[in-house]
Structures are given as C-alpha cells and as structure tokens.
Amino acid sequence: MNEEQVKVPILEMKGITKRFPGVLANDHAEIELFPGEVLALLGENGAGKSTLMNILIGLYRPDEGEIYVRGERVEIHSPRDAAALGIGMVHQNFKLVPTMTVAENIILGMTELPLVPHLEEVNRRIVEISDHYNLQVDPTAYIWQLSVGEQQRVEILKLIYRGANILILDEPTAVLTPQESRELGKIIKLMVSEGKSTIFITHKMDEVMAFSDWVRVLQHGKVVAVKRTADTNPQELARLMVGREVLFRLEKEDVTPGEVVLELQDVEARNNKGLPALRKISLQIRQGEILGIAGVAGNGQRELAEVVTGLRSVTAGKLLINGQDLTNRPPLEIIKAGVSHIPADRIGMGAVGNMPVADNLAMKGYRNPPFSTGEMLHPRRILEFARRMIDVFRIATPTPQTYIKFLSGGNIQKAILAREIDACEGLLVAVYPSRGLDVGATEAVRKRLLEQRAQGRAVLLISEELDELMTVADKIAVLYEGRIMGIVPSSEADIETLGLMMAGVTPTE
Amino acid sequence: MRIVFEKRESISHWAVVLVPIISFLVSLLFGAILLLASGVDPLVTYQAMAVGTFGSWHSFTETLVKATPLLFTSLGVAIAFRMKFWNIGAEGQLVWGGVAAAWVALFWSKSLPGWTLLPLALLMACVAGAIWAGVPAALKAYLNVDETLTTLMLNYVAILYAKNLYYGPWRDPEGMGFPGSAQFPAAAWLPRITGRVHLGLIIALIFAFLLWFAFNRTRWGFETRIIGENQTAARYLGINIKRNIVIALLISGALSGLAGAGETLGIAHRLQQGLSMGYGYTAIIISWMSQLNPLAIIFVAVLMASLLVGGDQIQIMMGLPASVGVVLQGMILIPMLAGGLFTEYRLRIVRTPKIEEAKA
Amino acid sequence: MIDLLTSIFVITLRAGTSLTYATVGEIYTERSGILNLGLEGMMLMGAVTSFATSYYTHNLALSLLAAILVGAILAATHAFLTVTMRANQVVSGLSITLFGSGLASFLGERLGPASNNYNLVGMTGSRFSPIVIPGLSQIPVLGAMFEQDILTYALYLLVPLAWFYLYKTRNGLNLRAVGESPQTADAMGIDVVKTRYLYTILGGMLVSLGGAHLSLAYAPGWAENITGGRGWIVIALVIFAMWDPARAPLGAILFGGINAIQFRLQAGGTDIPASYLNMAPYLATILVLIATTWWENLSHRVGAPAALGLAYMREEK
C-alpha cells in the first residue's frame, strides 16, 4: 500500500442519468472512488447526491449510465446485489426496525446464515467488531431503546458485519453533536486505514475539509467539480456548490421586544411511548423576538412544538399565550389565540396531499369570513385567495386546483408557510422550516421569519442547523434530554459551547 | 426491458370516468365465462336480465324499488367512507330502522293520531339506525376499537334480534304460522308513487342532492374530507376528529335506518323475513364505484338494482341461480381497484441495455 | 360432570379448528403488512369447493387440495390489488369477501347433481371423522384432545411450527421486518413484494383450509353461509392473539367454547330463544375487541405490525 503506484479505482460510476417525472435528478454524473480513501459528495439539498447513491445501492435504477466495481461492469438491481459487491449505505433516515434487537437488525436479510440463526454467535461477533472500532452498543437491546447516535452506530456496525468495504454515509453528522461528529471522523479514518473506502455525502464545507481525500461537487444532478481536498478551501467549495457567490448574511433589523407572547412554566410532558420527554421547561418569547431551539434530534424538540400548539398534553406546568392560561386546551383554542405552526412533517401533518393547493391554503382560514359564512363555504373566494398566495409566495404549481402532493417539497413548504404566516396573529412555531430545501428556498424561508419578527410576532424556531439559528434567532436555547441546558443570546453564542451543551455538558463559566 | 409505474403530474380525469365503466364491462365478461362454464349462453342470459329490468315500465319500477334501499344505504356508507371510517354495518342499521319503524306502526297507532304515525315511524327508524352506527363510532373515536369488526358483528346481532321478534313476540297470531308481524295500519304506510315505488325514493333522491351540497359547499364537508385524507393534519388544523366521526356516523346510520323503514313501511307493510337482503353490503360496492360522489351514487344504485332484479328474473325465467347478479356485483370492485392506480400513475416501458450490448 | 365437561371440550376443539387454521393464516398475512378482510369470502369458497370435490370424488386429499388452490387464487388476487396495484387494503379485502360469498352461493346452487336441481344443499360426500386414540382419550377432560379428526391433530404440529418459524428462523425475521418497516427490509435486500405475495397466499391457503374443515368435518355438507361470520371473527382473533401464532388457539378455544355451550343449551332445551343464543359469538367478539384494545392503550403496547395496511413503493419522488 505504501509504495507509489497508479491506484486503480475500486468504484466508478459513468454517465449516470436518472429522471423523475418533471425532474432530472442526475445528469451524466461521474464518480471515482479509490481504495483506502474518502470521497466527499458535496451539494445542496436537491442536487442529486442521495439519488446517485440510491442508484449505487440498487434502490433506484438509472435511466442511463454504467457502474464498474473493481474494474468490472456490474448491474445492481437491488440492495442485495450491492451487498454482494461489498457496497453498503447508512441512509439519512435509518433503516432499522424499532421493535427488533440490534442483533436482529444486523442480520436482517442476510442469506449467508443458517435457516435458524445462532444468535449467541452473532452477538459475540457484534461485540468483537464494536470493540475494534469503538462502536459501543448492546446487541440484545431493542432499537427503540437507543438514542439516535447509538442507532447510527448500529447502522455502521451492520455494514461492517456484512463485510462491506465501500461505505456510503448520507449526511451522517446531521443527527450528531459537533463532538460526536469528530468521534465519527476517527472511526472513518480507522476504517479507511484498513483499506475500506468511504463516500461521504454532506452539504457542510468544514466536514469535507476534515474528513475527505477527494471531493466532488454536485449541482442540479451534474458533477461540476472534482478536487483533491488538499488543493481546495471552504470558500471555493461554497462557490462551486451554490453556483454563485452568496453565503448570504441576512439583514436583521433592530427590533425592541414587546410584551411576552409565549410563556412556559415548568412544563413536563411524555413522548408517545409514555416516557418523560420534557422536564421542567420554562421559557418566554416576546413580541418581535425569535427564540431558537438547538439540540440533537430526539431530545424533546418535537414534543416541545406539540405542547405549544396543543397537540400534546402537558403532565405538569403551565402554558400561557398572551397571558392567557391555555394549558391542555384543544388545538383549536390555541389556533384561535393566534398561534401558527409550521410542522416538521410537511406531507404527514402540514398538508393534505389528496386535496388541491387552494384548499390547502385555506385550511386555517376556512372557519372565518370571507371563506365561509356560518356553515357555508365560498369556493370562489378560496380560489381568489389561493391565487394571491401562490403569487406572493411564488409557489410553483400548474393550477390552484392541482393536488398538493404533485408539487415539489420546496413548493409544499412554501404553501404551508403562506397559510401559516397569513393566519399568524401572535406566535409562529417553526419546526425545521428549511430542512431539505435548496439554498434559494432556504433563504426565502429565513427572510419570512425575520419579516414576522419585524412585524412584532414572536417566533419559536426549532432547527438542527446551528448557523441558521445563529443568523436568524435572537436567543438560542439548547435542549438535551428534554431539559433546557441554557439560553444564550445568539450574538454571544459560539458553535463549540452550543455543541457541548447539546451533548449535555452544562457550561461552567 | 421492464414496465414501471410512473407518477403522473396530476390526476387523470379520463381514468376517473373510464375505470368504473371498464370495470363493469370486465365483470360482465367474467360473468359470461362463468355462465359458459355452467352450460348457459351468456348473451341470452344478459338479454333476459336487461329485459327483466329495463324492458317495460313495470320492470323498471321494480328496479327502482330495489334501488331505493340501495340509494339510502350507499349514501350512508359514502359519508362514513369519506372519513375512512369503514362502516360495513349498513345492513344492521337498515334492519334496526325497519324494526323501529315497525314498532311505531304496530304499537303506537292506538294512542296517536293517524297522521303522526308515519313521520314518527321514519324518525324512530333514523334514531335506531343512528344508534346502531353511533355505538361503533364512539368505540372507535374514544377507545380506538376497530370499526370494521364492530359494525359487522352488530349486523348479525340486529338480524338475529329482528328474527326473534317476528318469530316470537311480534308474530301475528292470525298469520297461520307465517313468520311475520301483523300488517301495519294503513296510516303508517309510505305512499306509493307508481307500481311499488314509494315516497322513500323521493326522500332518498333529496338526500343525495343535499349530501352533494354538504360535501362540496360546507365547512362540515371540508372537515370530513380532511379527516378522511389525513387525520394527523386534521388534528393539527384544530378539527375535532372524535366529534366529527360520531356525528358523521349518526347521519350514516340514520340514512341506512331510513332504508329499512322504506322496506317495512313502503313495501312489506309488516316486519317479516326478507328485510335483510344484503343491501348494506351492495352499498359498499356502489359507494366505492361512485367514488363517494352522491350524484354518481344515484346512477350506480340503479345499475346495481338492475343486476339484482335481473338475477331474480333469470331465476324465474331460466331456472338459473339468482346469485348471478350478486356474483356480477362482487366482481366489479376487483378491476375497479386495480384501475384506481391509473388515475395517478401511467405505465412506462423502460429499455435497459444489456451488458453485452454496452460492451460492444 | 367430568363427562359433560369432556364432551363440551370435544366440541370446543372441533369448533375451534377452522378458527385456528384461519387465525394462523391471517397472522402470517398481516405480519407481512397486508390486512386481508377477504377471509369470510375465502372460507366460504374453501368450504364449497372442498365439499363439491368430496361429493364427486370422495377423495379427501383432493378436496383439501381444491380448497388450498382456491384460497391461494383469491389471496393472490388480494395481493395483486394491494401490493402491485396499491389499492386500499380494506376495500380490496371487502371486495374479496363480497365476490367470494357471491360466487360461493352461486356455485352451491350450480355444482350439485341435476337430480337435485344442481343444488349442493342436502348432498353428502366423504368427511373427516374423529379418530379416537385409545388410552390418551381416557384422560379426564384433556382426553378430548384425542377424539378429534386429522385436521385438528395436524394443528398440534402446525401451531408450534408456525410460532417457531416466525420467531426463530431467518425467514420469519425477514417476514416480521417487512410488516414492521418495509423500507428497512427493502434496504436490507429483502424482496418486499415477493414476501408480501408469498405470505398473503400462504395465509389464504390456511384460511381456505379452515373453510374446508367446516364443510368436511365440523358440519359436513354445504349450506349457504356455512361460515356464519367466522371469517370476521378470525380477524378479531388475530388482534386478540396479538399477532402471535402460539396464542391463536386461545381465541379459537374461547369461541369454540361459546359454540359448544350454545350447542349444549339448545340440545338440552332452554327458555332462552335460539336467536339470543346465536348472538353470543358476535357480542363476544365485540367485547374481546374492546378489552384487547383497552389493554393495549393501557400498556402503551401496540401488537399490530407497524406497516399493516400500508402500501409500499420504492421509486417515487
């Protein structure tokens, strides 16, 4: 390995093209991966990184293009074919069965085992591998008992157990604290030093610089640049990724906070499994103020948003909106108190896929004039309103009557945003509002949030992007295991301190 | 080469209209094969069925007679299905409606003025049907008990209960052993329009138009649709799901109850065997084939009624089992369900180059 | 007293046999994520085809084969509609039931001999008779287990086997994964479509066998609606069994017991009208459902496979 020689790529993807109706997801994309190296795939959301990797793993089939593994032309029809070639992937949404144990998940779908697998032996091997790579996890634990970070370890263990030597990691650090991310970096280095190769999907420049040997930048499904990591820098990569010189600094007006809009007093709540999810949460948001909530996913963010919007009942404490006690009141009363909610799950909660865009836009306002008088609805007025919203918020839809599920994720989000902002009369709860959106749409979302702030609304912004919180929010509260670790003004916040708080370390100074 | 389903960019309106029609034709084709296999000429059979149902004014009125309970129950089922509440208990709700109407007609005629009898009987039929649907609705809304099973089980209970009545306590002592109640006083009869067609048909048609309006032009219709399409979203939008389920099912059951009242007050004029003819199940087929559109239900109900009447006709005329009509009905949903996919997807043939070709 | 208990238990097991076959079958189907409400129709079709075969051929093996084949065809139709064509599983199942019961009653009026106006009602064919095992059958009460027909005896083997396969084998693991999280199963190289077809069809075969037991052993012969809603009761029994094949016999024994007591009371003469007695299994089903659901809510435990009733598709954007 150490002698100088021309390396042969272990994996090549040539001229990969994949079309979805209305979208060209990959356009003659090319990949080369060398043994013992890390290739970073950099690109914004929607650039086609995940699609390209799903083709490699056999989940999607390319419309055009060829794949070579160790110099041989291969056809990958299913994840099983990919596994046979030693290719494995850690997906962004983990592929784990919550009701099964770690060991069961690891051997799932393996054909190499006897019909009646010997679980003790499997457990022993898992412990062996986890010791070697420092991926501590109990093989007999159920997945639902594990934290998100531990689940990721199971995913990596799964690949190694199955003998993968080309590992694809799709945005693996999104669910980790900065410290945990560094830990993951060490594991990748160790694997690569043993001759395995890794493809690392990300949209974060610093991770490219820290982890990779090569970087390929994707834009609109095309590979627009191939660089040796050593020969490039974050600024250049950012420019290549976005295609224009931006990295926006948003204009943030000075707004003097007014009255308290939202107040939580020692709120406690349980999650769907009946376990404590929020512990003694106390916070206040004033008019013209954005409170950001930082934290690794699964530390109570979802429950917090649901408590504030009345979707989850509180087991202790109080919820006050504009001074009015709305603890454990139904969602409708909270909506009527002026609370709007941009939920994390757009298609599952925020929109009704099988109904027209126009109806979706009217789903908050339909109870009141001009959309209805008494029980009667006025479809024409709904349509007029929808046309206006589609125009103002630049929602790309063939007609207002098109079912909303036929729109792209970004446009669905714009529609939800339009509806919620229009209906907002005091507090806006925004949960991961820019997740999965491209740079342009993200910018639009953030601008709208700042607009609301300028108009004197209170905003609760839950986000997983620390830079989003630091640019948009006035204060940042960090959630860890359902507790607020601390609230810092965003002007004084730095990533390192926030990261420690996200990992449960209380700032001592 | 392989065939894949590709998502359309919007709903295909062609498919919405064509799929039910093609499904009906496929079912006729299947029925033809079945008839051929049992040694009967399908064309002759179908002709006999058509003549028996649409061939004369009299036979057409008989079709309308059967269409009346089908229309009521299908509208009721459509309300429930719109919320994805699988009420398959229309049969039992119908039976209860018939029983309640009979109760008023049989036992209240002496103590009440004659003109109140009919409205009261219809009202009680609504109440009885509503309760029979309301119980599973409340169980679903407040305890999350599976509604398919509770509604269905209650069918058997209702049918057995009614049977007990007309074989037991309500049996007409002058009926010469015939299982059935005494005849209702004429004041409780639903007026006939033509042939055996009674006022119930008009009431059912009015309800069809009312429901179409309610579905499309009222807040209630808007809310029920949201609940049916996405319950999580409904909750998030502040819609009271539990109350809506119970209310919708009360209406659903009341409509089926009216179907039963129509059968006893309008046709038999007594409570007797033959009240439960499976209309509540045919209603499932009708409402799904009409894609839950109350106006479409009118036409499909008549079509399905014609299959039932046609089945009876070929039994009388050709000695074939009347169940031919039921088989044809049962067959319709299968191509219908298969075709549903084409409203949102189209087929695309993808050519994948073989490795050998690529190398050459 | 002991004799009375034993005789009730004999009937209990006999009545519970068809329920157990169908319950185990539906558990396998639902474990793959497919809800099949077509049971009533499939059991009726199994009953009529197996009885007709037995009437004409007097070959019981062939009769069972006919039931298995018919069950497989109907279940495959359901799988095609729900897996390939992604139709709503509830409506698809209902349509199988409506179609199956309609066709069964047509066949019942058409497959019989010309002498009986082509009707099958009232005809007799070969049947499965109880085989008494000497010695074992002498045990008080439990001896009832050894006065049964071959199909019941087969269950003593089938039920543990079904449990072992589901929880201890690789295939069982994969099956459970498909029902819990088809996305995961797919990414792990398990063929979701094939698995769902396979176990829906396998389930359909067992369900149809349950129907065959009715017309070949429990109440030999054909009668319209011979199942009397058993297909629906089974769906409740699956919930009652918490999707565990080992618990399938419990529900079957409960309902078989209700049947047996009903039978006893009617035979012994009682003041309760027959209609009320006949309501018992249906009311009991509702009670069992309420109790099971209530217990699930209380214990935060969901027994149902997480993906039950949901279509799965991979290539979508």
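The expected span of a helix is taken here as 1.5 Å times one less than its number of residues. Helices (H or I, at least four residues) and strands (E, at least two) are DSSP runs numbered from the N terminus. The model is predicted, so local features need pLDDT of at least 70 and side-chain atom pairs count only at pLDDT 80 or more, while totals for chains, interfaces and linings use all residues. Residues are numbered from 1 along each chain as its sequence is written, and chains are lettered from A and ligands numbered from 1 in the order in which they are written.

A good place to start is helix α15 of chain A, residues 439-454. Because its 16 residues should span 22 Å at 1.5 Å a residue, the 23 Å between its end C-alpha atoms agrees with expectation. Buried residues (20 or more other C-beta atoms within 10 Å of their own, with C-beta atoms placed from the backbone; 12 or fewer means exposed, and in between partly exposed) in α15(A) include Val439(A), Ala441(A), Thr442(A), Val445(A) and Leu449(A), together with Arg448(A), Gln452(A) and Arg453(A). Among the elements that cover them are α8 (234-242), α14 (409-423) and α16 (466-472), along with strands β13 (290-294), β19 (427-431) and β20 (458-462), again of chain A. Just after the helix comes Gly456(A), with a positive phi of about 90°.

Helix α5 of chain A makes a pleasant companion. Its 14 residues, 148-161, reach 20 Å from the first C-alpha to the last, close to the 20 Å expected. This helix is mostly covered, with 10 of its 14 residues buried; the run from Gln152(A) and Arg153(A) includes Leu157(A), Lys158(A) and Tyr161(A). The cover includes β6 (87-90), α3 (102-107), α4 (119-133), β7 (166-170) and α6 (178-193) of chain A. Gly163(A), which follows α5(A), has a positive phi near 75°.

Chain A also holds an antiparallel pair, in which seven bridges join β11 (residues 260-270) to β12 (residues 276-286); strands are said to pair if DSSP finds at least two bridges between them. Arg270(A) has Pro276(A) of β12(A) as its bridge partner. Five residues lie between the strands of this hairpin, where Gly274(A) takes a positive phi near 85°.

On a broader scale, chain A is divided into domain 1 (11-242), domain 2 (250-338 + 427-442 + 456-509) and domain 3 (343-423), with bounds from an automatic or database domain assignment. The centres of domains 1 and 2 of chain A, taken over C-alpha atoms, are separated by 32 Å. Each of these two domains gives 12 residues to their contact, where contact requires C-beta atoms, placed from the backbone, to lie within 7 Å.

Between chains, 23 residues of chain B are in contact with 30 residues of chain A. On that side of chain B, α8(B) gives the most, with six residues. The class division there is nine nonpolar, five polar and nine charged, where Ala, Val, Leu, Ile, Met, Phe, Trp, Tyr, Cys and Pro count as nonpolar, Asp, Glu, Lys and Arg as charged, and the others, Gly among them, as polar.

Chain B also meets chain C, with 40 residues of chain B in contact with 40 of chain C. Here α13(B) gives the most to the side of chain B, with 12 residues. That side divides into 27 nonpolar, 10 polar and three charged residues.
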